[in-house]
Amino acid sequence: MKAAVVFEKGSIPQYTDFPEPEIIKENDVLVSVKAASIKNLDRARASGNHYSADNEEFQPKIIGSDGVGYLENGTKVYFFSKKGSVAEKVVADRQLVVPIPENLDFSVAAALPNAVMGSAMGLKCKAEMQQGDTILINGATGITGRIAVQIAKLYGAGKVIVTGRNEAALQSLLELGADEAVSLLRDDESFKHKIKEIHAETPIDVILDYIWGQSVEMILTALKGDGTFSHKTKLVSVGGMSGDHIQLSSQILRGTDIQISGSGLGSWTKEESQLLFSEIIPGMFLAATEGKIKIETEVVDLEYIESAWNKEIQNGKRLVIRI
């Protein structure tokens, strides 16, 4: 079969022949793949730099972590697999397979789940978001941030505040349901003052963060308590585009009712992971068919994977490989 394969760490995936997968375990199902999206997770795993690959000996591997296609009985499905997904055929665990509505386009179905995972799991499971909560999405101008805005509104957020550096993309989030936008291009003091002002008017219940780094340091400083009672705020880390490390004053933790956690592979309980596949992703597929969740894609055929791998994709779009 044809597949996109990485033969060495950091190399560009090759369009090549690869042995067809075999069904070995009782829960295995064979999927004829029709599309798979390419995400930061896939690039990091392909290079061997993702934390989920720390204990793996690098071997030639099919890239990708999820995709969409047909089961042998003709059922249209989404699947997740650590064995790769950008190939004509993939074996997946039956428990990690979700039916797709017949009227949902394959490219949308392929692009949506990863963006949903961090935001929906972060909001629902890690932050335990409630109806009417005020949500701050830090670094919201990327594809996952755009989906997070829509999911927060779908889950009943009372107010959604977004931050980002791309001014045009930041303003476009207001059209997707965000209530207020704060530019990360402001000088540090102005940014902190604005966050503090918002927090005083409508206390922030949840911070969903996609970039980490200095912006998180500034947000935490803005929320720092003064020794009186403070509002409970939950900070959930979903990504680290601005770096993996921050400086955190212990005074912020002692003087502020803030809880910090992460949402990603390895941080979810078994029960939360089951919820993702049994309720959350199916619910988002349904929302997409009803026009409540929108995602844009750029579709490239599998044979052009080598040129597409490092291609600059328009902001707000997800690269999808058609198979």
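Which residue's side chain meets that of K89 in a salt bridge? Before selecting the pair, please note that the model on display is predicted.

**The whole protein**

Begin with the complete chain in view. The protein has 323 residues, and for that number a compact globule would have a radius of gyration near 20 Å; the protein has 20 Å, which agrees with this expectation. The C-alpha trace spans about 65 × 40 × 35 Å along its principal axes. Colour by secondary structure, and nine helices and 16 strands can be traced.

Next, display the surface. The exposed area is about 15,200 Å², and carbon and sulfur atoms supply 46% of it. Of the 323 residues, 52% count as buried. Among the contacts with a separation of 6 or more, 70% are accounted for by residues 24 or more positions apart.

**First stop: K89 and its partner**

Select K89 together with E20. Their side chains form the salt bridge asked about above, with 3.7 Å from N to O. The pair links distant parts of the chain: K89 is in strand β7 (residues 89-93), whereas E20 is in the loop between β2 (14-17) and β3, 69 residues apart. K89 is partly exposed, at a relative accessible area of 27%. E20 also counts as partly exposed, at 46%.

**Second stop: helix α1**

Select residues 40-47, which form helix α1. Is this helix largely enclosed or open? Six of its eight residues are buried, so the rest of the structure largely encloses α1. The buried residues are L41, D42, A44, R45, A46 and S47. To see what covers them, add β1 (2-6), β3 (28-38), β4 (61-62) and α2, which are included in that cover.

**Third stop: D133**

Move to D133, in the loop between α2 (106-126) and β9 (134-138). Side chains of opposite charge can pair when their charged atoms come close. How far from D133 is the nearest side chain of opposite charge? That side chain belongs to K234 and is 7.6 Å away; D133 is buried yet has no salt bridge. Now show the residues around D133. Leaving aside its neighbours within four places in sequence, D133 is in contact with G156, A157, G158, K159, D205 and V206.

**Fourth stop: K159 and its network**

K159, one of the residues in contact with D133, leads to the next selection. Select K159, E180, K194 and E197, and a network of salt bridges linking these residues comes into view.

**Fifth stop: two further pairs**

Select D179 and K153. The closest N and O atoms of this salt bridge are 2.9 Å apart. D179 lies in the loop between α4 (167-175) and β11 (180-183) and K153 in helix α3 (residues 143-154), so the pair ties together parts that are 26 residues apart in sequence. D179 is partly exposed at 41% relative accessibility, and K153 is partly exposed at 29%.

Then select D301 and R322, which form a salt bridge with closest N and O atoms 2.7 Å apart. Here the pair ties together two strands, because D301 lies in β15 (residues 296-301) and R322 in β16 (residues 317-322), 21 residues apart in sequence. D301 has a relative accessible area of 27% and is partly exposed; R322, at 45%, is partly exposed.

**Last view: charges overall**

Finally, return to the whole protein and colour the charged residues. How many salt bridges does a search of the whole structure find? The search finds 15. The protein has 34 positive and 43 negative charges, and the mean positions of these two groups are 2 Å apart.

How values were computed
Residues are numbered from 1 along each chain as its sequence is written. This is a predicted model: local features need pLDDT of at least 70, side-chain atom pairs count only at pLDDT 80 or more; totals for chains, interfaces and linings use all residues. Side-chain values use heavy atoms; hydrogens and water are left out. Helices (H or I, at least four residues) and strands (E, at least two) are DSSP runs, numbered from the N terminus. Buried means under 20% relative accessible area, exposed over 50%, partly exposed in between (1.4 Å probe, protein chains only). Lys and Arg count as positive and Asp and Glu as negative; His and the chain ends are not counted. A salt bridge is a side-chain nitrogen of Lys or Arg within 4 Å of a carboxyl oxygen of Asp or Glu. Contact means heavy atoms within 4.5 Å. The radius of gyration is taken over C-alpha atoms; the globule rule is 2.2 Å times the number of residues to the power 0.38. Accessible areas come from the Shrake-Rupley method with a 1.4 Å probe; for residues, only the protein chains shown count as cover. The place of a charge is taken as NZ of Lys, CZ of Arg, CG of Asp or CD of Glu.
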